[in-house]
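Please look over the structure shown here, with attention to the surroundings of one helical residue and to the backbone at two loop positions.

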Amino acid sequence: MPAPRTALTLPTAAVVLALVLVSGCSSGGGDTSRDAAALGASSADNTTATATTGIPATGAAMPPSASGTPAAQASASRTTAVPSASPSPSPTWPDLPAELQAWNTEPKGRMAPDAESIHLQSRALIGDMEDMYGSARGAKCWPERPTMWTDMCALGATKANETVQKSLALISHEPAAYFTTLRANAAKITKAVSTYRTNGCAKDPASAKTRQTCQNAAYTIAQAYNSLRDGFNAALNGH
């Protein structure tokens, strides 16, 4: 009976084909599961390595940039300090220089017999000149005043020198042992007046060295009346 045998063969072939397909899918699914498990394990390994060393376990190493290197960062953090030129210290001009009071520490001698009467005359002489031409910071020759470089200071120098000569005339009859402080201060003023004139200070010289010389001389001239007064006061104490 040939017909029934053929009918049985076709279902059998279909069953075999279905089994093959199911087996293939099952095999493919198993591989996928294993790949997923392997990928999970790899990710876990990468995560562990990163947490332990702080460096990713995979991926190409990134070279540090020029600005990211320690040397570059240290260089960027430093600033090049350019030393500025220190200005030269300007001279100071005290109202009363220390040398005006130096006679206080010197040994005392004998007071001149007529020191008191001469002192009274000097007070009128010096006071009148100070009122007219100023003294110390009020003088035209004060080094910090622009008038120091003009004829105003030249006039002040002339008047200071005239006062010196009148002061010396008051003690012209006194022996050299008396009024020594007054004589020394008068000599300093006379020298300063000569220096001021010789260097042409009233013409506002350009040389820095000459200007410094002029300022020193002008300072002594501006203090002329204080110096002369100090000299007369010293005579009352035997100097």
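The report below takes up these three positions in turn, and the model on which it rests is a predicted one.

## Leu228 and its surroundings

Leu228 is part of helix α7, which covers residues 224-235. Its relative accessibility is 0%, and because buried means under 20% relative accessible area, Leu228 counts as buried.

Leaving aside residues up to four places away in sequence, Leu228 touches Ile126, Thr163, Val164, Ser167, Leu182, Ala186 and Ile189. A separate relation links Leu228 with Asn185: these two residues are 43 residues apart in sequence, yet 6.5 Å lies between them in space, taken from C-alpha to C-alpha.

## Ala136, in the loop between α3 and α4

Ala136 is found in the loop that runs between helix α3 (115-133) and helix α4 (151-170). Although Ala136 is not a glycine, its phi is positive, at about 55°. With a relative accessibility of 12%, Ala136 falls under the 20% limit and therefore counts as buried.

## Asp204, in the loop between α5 and α6

Asp204 sits in the loop between helix α5 (180-198) and helix α6 (208-222). Here, too, the residue is other than glycine and has a positive phi, with a value near 55° for Asp204.

The relative accessibility of Asp204 is 42%; because partly exposed denotes the range between the buried limit of 20% and the exposed limit of 50%, Asp204 counts as partly exposed.

Conventions: Residues are numbered from 1 along each chain as its sequence is written. This is a predicted model: local features need pLDDT of at least 70, side-chain atom pairs count only at pLDDT 80 or more; totals for chains, interfaces and linings use all residues. Side-chain values use heavy atoms; hydrogens and water are left out. Helices (H or I, at least four residues) and strands (E, at least two) are DSSP runs, numbered from the N terminus. Buried means under 20% relative accessible area, exposed over 50%, partly exposed in between (1.4 Å probe, protein chains only). Contact means heavy atoms within 4.5 Å.
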